[in-house]
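Subject: Handover of a structure and summary of findings

Dear colleague,

I am passing a structure to you with this message. Please look through it first, and then read the notes placed after it.

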Amino acid sequence: MNFSERLESSPVILTEGAVVTRLNYEFHLSTPDSAAFVHLFDRTGRAALDAISRSYMQIAADHDLPMLVSTPTWRAHPEGLARQGFTATNDLARVNHEAVSLLHDMRRDMGLEETVYISGAVGPQFDGYDSKGRLMRQRQRLTTMPRRRY
């Protein structure tokens, strides 16, 4: 069943939440600028992201409810990547690939292909809580990548 069909047929849809908060307080991992993607590239951080995502997916499995999980790519846009030292030409694609692969492989391993749906999260270019950081219409742009189906 595709996402739209599950959404229409289910009384609720679950989502994950507080990933960065859990990284900070439960796993004691610093997450500058709320950029959880930095943890994809070290063993301890990746294990924490795995544990967090797996715990949410397990709830969906236990209750047979659809779930929408977001990739740990908050602020993984060119400017956000650069602020965290990810400046190589292929870093945008590399970070997004790692994030999707983490969730895709977990979903497959847990047998939840028909239950868990993966979305990509980017987050604000500037401070999302500061209204002065709004983009002017002429500055708004969308960073696009070729779509990849997993």
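The notes below describe what was found, beginning with the overall fold and moving on to particular residues.

**Overall architecture**

Please bear in mind that this is a predicted model. The chain contains five helices and three strands, and their order along the sequence is α-β-α-α-β-α-α-β. Of the 150 residues in the chain, 35% are buried. The exposed area of the chain is about 9,400 Å², and 52% of that area comes from carbon and sulfur atoms. When contacts between residues at least 6 apart in sequence are considered, 73% of them join residues at least 24 apart.

**Salt bridges**

The count of salt bridges comes to eight. One of them pairs the side chains of Arg46 and Glu98, with a distance of 3.1 Å from N to O. This pair links distant parts of the chain, as Arg46 belongs to helix α3 (residues 43-63) and Glu98 to helix α5 (residues 91-109), 52 residues apart. Arg46 is partly exposed, because its relative accessibility is 25% and the partly exposed class begins at 20%. Glu98 also counts as partly exposed, at 24% relative accessibility.

Another salt bridge joins the side chains of Asp50 and Arg54, again with an N to O distance of 3.1 Å. Here both partners lie in helix α3, four residues apart, which is about one turn of the helix. Asp50 is partly exposed at 23% relative accessibility, and Arg54 is partly exposed with a relative accessible area of 31%.

Arg108 and Asp109 form a further salt bridge, in which the closest N and O atoms are 3.2 Å apart. Arg108 counts as partly exposed at 42% relative accessibility, whereas Asp109, at 53%, counts as exposed. In addition, salt bridges with shared partners connect Asp33, Arg75 and Arg83 into one network.

**Two residues with positive phi**

Most residues other than glycine have a negative phi. Arg75, a member of the network just described, has a positive phi of about 70 degrees although it is not a glycine. Arg75 is placed in the loop between β2 and α4 (78-83). Is Arg75 buried or exposed? Its relative accessibility is 8%, and because this is under 20%, Arg75 counts as buried.

Ala18 likewise has a positive phi, near 60 degrees, and is a residue other than glycine. Ala18 is found in the loop between β1 (14-15) and α2. With a relative accessible area of 46%, Ala18 is partly exposed.

**The second largest pocket**

The second largest pocket holds about 400 Å³ of space. Its lining consists of 24 residues, and those nearest its centre are Glu16, Val19, Val20, Ser34 and Trp74. Which elements each supply at least two residues of this lining? They are α2 (19-25), α3, β2 and α5. Helix α3 gives the most, with four residues. By type, the lining divides into 15 nonpolar, seven polar and two charged residues.

**Two further positions**

Gly45 is found in helix α3. Gly45 is buried, with a relative accessible area of 0%. Apart from its neighbours within four places in sequence, Gly45 is in contact with Leu29 and His39. From Gly45 to Thr31 the C-alpha to C-alpha distance is 9.8 Å, and the two are 14 residues apart in sequence.

Asp64 lies in the loop between α3 and β2 (67-70). Why does Asp64 count as exposed? Its relative accessibility is 52%, and the exposed class covers values over 50%, so Asp64 falls into that class. Leaving aside neighbours within four places in sequence, Asp64 is in contact with Arg6 and Thr115. Asp64 and Leu112 are 48 residues apart in sequence, and their C-alpha atoms are 9.5 Å apart in space.

**Points to look at in the viewer**

- Helix α3, where Gly45 is found and where both Asp50 and Arg54 lie.
- The salt bridge between Arg46 and Glu98, which links helix α3 with helix α5.
- The loop between β2 and α4, which holds Arg75.

Yours sincerely,

A colleague

Terms used. Residues numbered from 1 in each chain as written. Predicted model: local features only at pLDDT ≥ 70, side-chain atom pairs only at ≥ 80, totals over all residues. Heavy atoms only, no water. Buried < 20%, exposed > 50% of the residue type's maximum accessible area, 1.4 Å probe, protein only. Contact = heavy atoms within 4.5 Å. Areas by Shrake-Rupley, 256 points an atom, 1.4 Å probe, with all protein chains shown as cover. Salt bridge = Lys/Arg side-chain N within 4 Å of Asp/Glu carboxyl O. 1 Å grid on protein atoms, 1.4 Å probe; cavity = no way out; pocket = protein on both sides within 12 Å on 5 of 7 lines; lining within 4 Å. Points joined across faces, edges and corners; volume = space filled by probe spheres on them. Nonpolar A, V, L, I, M, F, W, Y, C, P; charged D, E, K, R; others polar.
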